[in-house]
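Please study the structure shown here together with its sequence. The paragraphs after it are a guided reading for a first-year student.

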Amino acid sequence: MNEKELRRSMSVFPIGTVMTLTDLSARQIRYYEEQDLICPERNEGNRRMYSLNDIDVLLEIKDYLADGINMAGIKRIYELKEKEIEHEEKSTLTDEDVRRILQDEFLALRGMNLKGTSRFF
DNA sequence: ATTCTCACA
DNA sequence: TGTGAGGA
């Protein structure tokens, strides 16, 4: 890990700062952690300390939510990213294979979230 | 003043 | 997800 990645993964913000930066409630921020979407560290006083990477993820989650994707769907998206990384490391599949898989999953996600909604009318 | 965990008239 | 209690 280079210096740049190290800085982005350095936990330095208390939840209050993250709340104003992301416009999310403390409840939501802690809940997303419970869903393993972010992993803030704890300081001496058991206070959660967030990194720039955590904030980026939180902002992404907000976008997905705005697009009508639920928690189950968001979790699947990040699980796919992990698989994508595994594939890169093992170089088992071609980039095209991975792209096709991600594309299929994304379409499946939209279909899942479209059911029983009047959002588009 | 802030954040933490837990629980629900 | 909100919110309030009770402690640190």
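**Contacts with the DNA and the core behind them**

An N or O atom in the side chain of Arg-42 lies 3.0 Å from a phosphate oxygen of DNA strand B; a polar contact is a pair of N or O atoms within 3.5 Å, and within protein one must be able to donate a hydrogen and the other to accept it, while residues adjacent in sequence count only if both atoms are side-chain atoms. This is a predicted model, in which local features need pLDDT of at least 70 and side-chain atom pairs count only at pLDDT 80 or more, whereas totals for chains, interfaces and linings use all residues. Residues are numbered from 1 along each chain as its sequence is written, chains are lettered from A and ligands numbered from 1 in the order in which they are written, and side-chain values use heavy atoms, with hydrogens and water left out.

The residues around DNA strand B include Pro-14, Ile-15, Gly-16, Arg-30 and Arg-47; a residue is near a strand if one of its heavy atoms lies within 4 Å of it. Sugar or phosphate supplies 78% of the atoms of DNA strand B within 4 Å of the protein, and bases supply the rest. The side chain of Arg-30 places an N or O atom 2.6 Å from a phosphate oxygen of this strand, while that of Arg-47 has one 2.4 Å from a base oxygen.

DNA strand C is surrounded by Ser-25, Arg-27, Gln-28, Tyr-32, Arg-47 and Leu-65. For this strand, sugar and phosphate account for 35% of the atoms that come within 4 Å of the protein. Polar side-chain atoms lie 2.7 Å from a phosphate oxygen in the case of Ser-25 and 2.7 Å from a base oxygen in the case of Arg-27. Helix α3 gives the most to the surface near DNA strand C, with 3 residues; helices are DSSP runs (H or I, at least four residues), numbered from the N terminus.

Turn now to the interior. The largest nonpolar core has 20 residues, and Tyr-32, Leu-58, Ile-61 and Ile-74 are among those that touch the most other members. Such a core is a set of buried Ala, Val, Leu, Ile, Met, Phe, Trp, Tyr and Cys residues joined through side-chain atoms within 4.5 Å, where buried means under 20% relative accessible area (1.4 Å probe, protein chains only). Its largest share, 5 residues, comes from α4. Because domain 1 (1-66) and domain 2 (68-121) both give residues to this core, it lies between them; the bounds come from an automatic or database domain assignment.

Definitions and conventions:
Buried means under 20% relative accessible area, exposed over 50%, partly exposed in between (1.4 Å probe, protein chains only). Helices (H or I, at least four residues) and strands (E, at least two) are DSSP runs, numbered from the N terminus.
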